[in-house]
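Student: I am new to this structure and would like to look at its open and enclosed spaces, and then at its cysteines. Could we go through them together?

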Amino acid sequence: MTSAEQQGPVAVVGTTSWGGTLALILARRGIDVRLLARSDAEAQRLASDGELAARLPGHPFPPSLRVTADWAEGMDGAPFVVFAVPSHTLRDNARRAAPHVPADAIVVSACKGLEQGTFKRMSVVLAEELPDAAPTLCALSGPNLAREVARGLPSATVIASPSADAATSAQRLFNSPTLRVYTNADIIGTELGGTLKNVMAIGAAICDGMQLGDNAKAAFVTRGLAEMVRLGVAAGAQAATFAGTAGFGDLIATCYSNLSRNYRVGLALAEGRTLEEAIESLGGQVAEGVGTTSAALEMANALGVEAPIAAATARVLFDGASPQDALLELMARAPRQE
């Protein structure tokens, strides 16, 4: 999609690493982008810096990218409104945006997580707060480490929606020579793939931090995928989705890259740091897998699904169990058929 084909600005809610990256890759193609900040002070600071200095240093804003805290103006006439905020803030951000989202806008969730207390997927939260947008809601998810995408390194992602037309429109918006976009009708599986892999990434990094070897990590990631599929199918997803870009692809990137915040949390825990110290080391960024672990366990219990890896991860994160004890518990489980 060229700027000539794009009617109206694209509004991106969230000055996160991923929100900034999505704004950058669109604006570099000449698309009018409004990056919506939380406050006037933040908008003025980012405009003065000319980049997201704390999260994406060295990537200046293109001329067609404007930061604003005026959400009414930023969303005025926007055919696409993209939410790229931490999952625990999505509902509040959606409520703030609700009076300003154009009635015919396609709303895209670029958030990965489950709502605490309800374990609702992000598109469900958006549908509740933006009911007019529900029929065409899209979810964007894949192996998209923000700093690599911002650098223009080749990547792939998935746009999922119950509306084929909406998915195709969003695909045209985001597809570029460096970001290949696939569509998928399974929005449940696409979202859960991008969400549950964050839980597995914490454990995968613990394997690395404990120097358990390649065999152990391969087994852990494989069993993690099996747990994701089991829970996803029980929630209404298609098993095949987890074998694709938004499932296995995202799982591999997150479980093997030090750019992943969830991976870095797992490494810190393996080094003996507390959860608070691990989170503090992220410099204000959010590791979605921490909150998702407890929400995924709630979902698993509600659906009657066995989730031993999520349960072991929760014991390490919240109950003071050592990674060594959690590993022993997993290895001591009764043998079973794969």
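**Pockets, a cavity and cysteines**

Tutor: Let us begin with the largest pocket: α1 (17–27), β6, α6 (146–150), α8, α10 (245–256) and α11 (261–270) each give at least two residues to its lining. Please keep in mind that this is a predicted model.

Student: How much space lies in the largest pocket?

Tutor: The space in the largest pocket is about 980 Å³. Its lining consists of 43 residues, and the closest to the centre are Thr16, Ser17, Trp18, Arg261 and Val286.

Student: And how does that lining divide by class?

Tutor: The lining of the largest pocket has 17 nonpolar, 16 polar and 10 charged residues.

Student: What about the second largest pocket, which residues lie nearest its centre?

Tutor: Phe220, Arg223, Ile309, Leu330 and Met331 lie nearest the centre, out of 29 lining residues. The volume of this second largest pocket is about 700 Å³.

Student: Which element gives the most to that lining?

Tutor: That is α9, with 7 residues. The elements that each supply at least two residues there are α8, α9 (214–234), α14 (308–318) and α15 (323–331). By class, the lining of the second largest pocket has 20 nonpolar, 3 polar and 6 charged residues.

Student: Now the enclosed spaces. How many cavities of 30 Å³ or more are there?

Tutor: The search of the whole structure finds 1 such cavity. Two elements, β6 (138–141) and α8 (187–209), give two or more residues to its lining. Its volume is about 50 Å³.

Student: Which residues line it?

Tutor: The lining residues include Ser109, Cys111, Lys112, Met122, Leu140, Glu191 and Thr195. The whole lining divides into 4 nonpolar, 5 polar and 2 charged residues.

Student: A change of topic, then. How many disulfides are found in the whole structure?

Tutor: The search finds 0 disulfides. For Cys138, the nearest cysteine sulfur belongs to Cys111 and is 13 Å away.

Student: Is Cys138 buried or exposed?

Tutor: Cys138 is buried, because its relative accessible area is 0%, and the cut-off for buried is under 20%.

Student: And why does Cys207 have no bond with Cys255?

Tutor: The sulfur of Cys255 is the closest cysteine sulfur to that of Cys207, but it is 9.0 Å away, which is too far for a bond. A disulfide needs the two sulfur atoms within 2.5 Å. Cys207 is also buried, with a relative accessible area of 7%.

Note on methods: Residues numbered from 1 in each chain as written. Predicted model: local features only at pLDDT ≥ 70, side-chain atom pairs only at ≥ 80, totals over all residues. Heavy atoms only, no water. Buried < 20%, exposed > 50% of the residue type's maximum accessible area, 1.4 Å probe, protein only. 1 Å grid on protein atoms, 1.4 Å probe; cavity = no way out; pocket = protein on both sides within 12 Å on 5 of 7 lines; lining within 4 Å. Points joined across faces, edges and corners; volume = space filled by probe spheres on them. Helix = DSSP H or I, 4+ residues; strand = E, 2+ residues; numbered from the N terminus. Nonpolar A, V, L, I, M, F, W, Y, C, P; charged D, E, K, R; others polar.
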